[in-house]
Amino acid sequence: MSIFRRWRVKRQIRKLQDKNWVTRMLAATALGRLGDSSADASLLGALKDENESVRQHAAEALTTIGWQLQKGTLDHAWFLMASERWDELSKLGSVGVSPLLFALKDIMVCDEALDALQKIPKTPD
């Protein structure tokens with residue numbers, strides 16, 4: 001990878017921490033277009049962003065980059081939450097609880113998150 005391309009990736013990774021959600025969203029999109037897997041960890045962190053659009057764009061960027069999803073993991077659960085794939089998330093059982101509880105704080109997706117939480121099978125005491 002060229003020095004200039006590496007610089008662009010690092011610059012966009014820094015922008016994922018910006019106070020402005022639009023800047024963070026655009027940075028996630030740019031990282032997807034740059035297609036560099038060195039951004040995976042930063043994009044995984046962006047799946048937990050307070051803003052729904054930032055989370056969605058981070059999930060799309062990971063897909064574009066070719067991030068290797070390991071099903072049933074906590075990263076998988078955060079990815080599903082950010083992608084708003086609620087039924088799949090509820091099927092993960094207890095692994096999906098943390099991302100769903102996080103999503104309850106977001107007015108844009110709280111109803112869907114609550115529905116998904118209610119679909120998680122109860123474990124016997």
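What follows is a short back-and-forth on how some labels in this predicted model are earned.

Reader: How do you know that the length of helix α2 agrees with its residue count?

Author: Helix α2 runs over residues 21-34, which is 14 residues. At 1.5 Å a residue the expected span is 20 Å, and the end C-alpha atoms sit 20 Å apart, so the two agree.

Reader: What marks the two ends of α2, at its start and just after it?

Author: At the start, a side-chain oxygen of Asn-20 comes to within 2.7 Å of the backbone nitrogen of Val-22. That fits the 3.5 Å limit for a polar contact between N or O atoms. At the other end, Gly-35 follows the helix with a positive phi, near 65°.

Reader: Why is Arg-24 called buried?

Author: Buried takes a relative accessible area under 20%, and Arg-24 has 5%, so the label holds. Others in α2 that are buried include Met-25, Ala-27, Ala-28 and Leu-31. Among the elements covering the buried residues of α2 are α1 (3-15), α3 (40-46) and α4 (52-65).

Reader: What makes α2 and α4 roughly parallel?

Author: Their axes cross at roughly 10° and come within 8 Å. Angles under 35 degrees count as roughly parallel, so α2 and α4 get that name. On the α2 side the contact includes Trp-21, Arg-24 and Met-25, and on the α4 side it includes Ser-53, Val-54 and His-57.

Reader: Why is the Arg-24 and Glu-50 pair called a salt bridge?

Author: The rule asks for a side-chain nitrogen of Lys or Arg within 4 Å of a carboxyl oxygen of Asp or Glu. The N to O distance here is 4.0 Å, so the pair is counted. The pair links distant parts of the chain, with Arg-24 in helix α2 and Glu-50 in the loop between α3 and α4, 26 residues apart. Glu-50 counts as exposed at 65%, because the cut-off for that word is over 50%. By the salt-bridge rule the count comes to five, and bridges that share partners join Arg-24, Asp-49 and Glu-50 into one network.

Reader: How do you know that Asp-106 and Arg-55 are buried or exposed?

Author: Asp-106 has 8% relative accessibility and Arg-55 has 2%. Both values fall under 20%, so both residues are buried. Their side chains meet in a salt bridge at 2.6 Å, N to O. Asp-106 lies in the loop between α7 (97-103) and α8 (110-119) and Arg-55 in helix α4, so the bridge ties together parts 51 residues apart in sequence.

Reader: And what makes Asp-87 partly exposed?

Author: Asp-87 has a relative accessible area of 43%. That lies between the 20% and 50% limits, so partly exposed is the right term. The side chain of Asp-87 meets that of Lys-119 in a salt bridge of 2.9 Å, N to O. Asp-87 belongs to helix α6 (residues 86-90) and Lys-119 to helix α8, 32 residues apart.

Reader: Why is helix α5 called mostly covered?

Author: Seven of the nine residues in α5 (residues 74-82) are buried, and buried means under 20% relative accessible area, so the description follows. The buried ones are His-76, Ala-77, Trp-78, Phe-79, Leu-80, Met-81 and Ala-82. They pack against α4, α6 and α7. Just after α5, Glu-84 takes a positive phi of about 60°.

Key
Residues are numbered from 1 along each chain as its sequence is written. This is a predicted model: local features need pLDDT of at least 70, side-chain atom pairs count only at pLDDT 80 or more; totals for chains, interfaces and linings use all residues. Side-chain values use heavy atoms; hydrogens and water are left out. Helices (H or I, at least four residues) and strands (E, at least two) are DSSP runs, numbered from the N terminus. The expected span of a helix is 1.5 Å times one less than its number of residues. Buried means under 20% relative accessible area, exposed over 50%, partly exposed in between (1.4 Å probe, protein chains only). Contact means heavy atoms within 4.5 Å. A polar contact is a pair of N or O atoms within 3.5 Å; within protein, one must be able to donate a hydrogen and the other to accept it, and residues adjacent in sequence count only if both atoms are side-chain atoms. Axes are lines fitted to C-alpha atoms, for helices over the stretch in contact, and angles run from 0 to 180 degrees between N-to-C directions. Angles under 35 degrees count as roughly parallel, over 145 as roughly antiparallel, 65 to 115 as roughly perpendicular and the rest as oblique.
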